[in-house]
Amino acid sequence: MSSTIQRTAVLTGATSERGIGITTARRYARQGWGVVILDLDGEKSAKVAAEIGNEFNVPAFGYEIDVANEQSVQAAQAAVAAEVAAGNLPPVGALANIAGITSPIPFLETTVELWHKVMDVNATGTYLVTKAFLPDMIANGWGRIVNMSSVSAQRGGGVFGKVPYSAAKAAILGLTKALAREIATTGVTVNAITPGAVDTNIRVGSTEEQEAAINAGIPMGRNATAEEVAAAITFLSSEDSAYLTGTTLDINGGSHMH
Ligand SMILES: NC(=O)c1ccc[n+]([C@@H]2O[C@H](COP(=O)([O-])OP(=O)(O)OC[C@H]3O[C@@H](n4cnc5c(N)ncnc54)[C@H](O)[C@@H]3O)[C@@H](O)[C@H]2O)c1
């Protein structure tokens, strides 16, 4: 895609094998974007970035980040900004906030520590990373922010994650809409996606019965593939999505229609 060839996509949570993040990073690279991989393990992030850079012949860097830690987020943003300033990476045009954790613990068995952990990675992480990368996008007059929510935010769980997860993913929808409204004239759009069940490793530990129950509630009768979710993220990062901001794009096989 020639219109995006001069831009870099930054992705959080993009080293997990079979994950939505790594699949999306490959898709951006296939379309000609420079790619930055930010995940908990810095070495793995750099390795994944190098593999993607080599395969698709695009500039690619990977760094350590804990999205829930402000200092860590600022260090990662500074590392990316330094490569952009040095001419090794095109300016950041897209930010995909994909890092997330889930929890299947029933409400009365949750602890406040678990609540904070799930809120911190999903909601506070999206806030911190967006705050770090947004100023340069506004300065460039062009940007696409895509935030990872979940159908769990819309219909109160029902996939795997329970109360803290649904609450955190719902917070992301509020953040998305309010920020989209606040910065609507800057050239930067902010949108959310709400996948249903996606075939990745995040539900490791889920039983066969749980998986069968999930599929029984999906009109299409199957999970989404990570590639199907990645396609939505790159669409919301494209020139074609210019007039979409504050939207929530459902990717759920018909499991939630509204
Ligand atoms: N798989 C699904 O069914 C599904 C459905 C809806 C939404 N989602 C969301 O999509 C996103 C990706 O999910 P996935 O299925 O690919 O999961 P995954 O577990 O395969 O990947 C999650 C990634 O986030 C990273 N991560 C976790 N905590 C982090 C932190 N503090 N800082 C930086 N990185 C961190 C992990 O290292 C991992 O690479 C998550 O936000 C998840 O909630 C998944």
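This is a short walk through a protein chain and the ligand it holds. The model is predicted.

Start with the chain as a whole. Eight helices and seven strands make up its secondary structure elements. The radius of gyration is 17 Å, and the globule rule gives 18 Å for 258 residues. The two values are close, so the chain is as compact as a globular protein of that length. Its C-alpha atoms fill a box of roughly 50 × 35 × 35 Å along the principal axes.

Now turn to the ligand. The space it takes is the largest pocket. Around the ligand stand 27 residues. Ser16, Asp39, Ile98, Tyr165 and Thr200 come nearest. What kinds of residue form this shell? There are 14 nonpolar, nine polar and four charged residues.

Next, look at individual contacts. Asp39, one of the nearest residues, offers an N or O atom of its side chain 2.6 Å from an oxygen atom of the ligand. Asp66 also uses its side chain: a polar atom there lies 2.9 Å from a nitrogen atom of the ligand. Val198 takes part through its backbone instead. A polar backbone atom of Val198 is 2.8 Å from an oxygen atom of the ligand. How much of the ligand does the protein cover? On its own, the ligand has 830 Å² of accessible area, and the protein covers 91% of that.

Definitions and conventions. Residues are numbered from 1 along each chain as its sequence is written. This is a predicted model: local features need pLDDT of at least 70, side-chain atom pairs count only at pLDDT 80 or more; totals for chains, interfaces and linings use all residues. Side-chain values use heavy atoms; hydrogens and water are left out. A residue is near a molecule or strand if one of its heavy atoms lies within 4 Å of it. A polar contact is a pair of N or O atoms within 3.5 Å; within protein, one must be able to donate a hydrogen and the other to accept it, and residues adjacent in sequence count only if both atoms are side-chain atoms. Accessible areas come from the Shrake-Rupley method with a 1.4 Å probe; for residues, only the protein chains shown count as cover. On a 1 Å grid over the protein atoms alone, a cavity is a set of points where a 1.4 Å probe fits but cannot get out, and a pocket is an open set with protein on both sides within 12 Å along at least five of seven lines; lining residues have an atom within 4 Å of a point. A molecule sits in a cavity or pocket if more than half of its atoms lie within 2 Å of its grid points. Ala, Val, Leu, Ile, Met, Phe, Trp, Tyr, Cys and Pro count as nonpolar, Asp, Glu, Lys and Arg as charged, and the others, Gly among them, as polar. Helices (H or I, at least four residues) and strands (E, at least two) are DSSP runs, numbered from the N terminus. The radius of gyration is taken over C-alpha atoms; the globule rule is 2.2 Å times the number of residues to the power 0.38.
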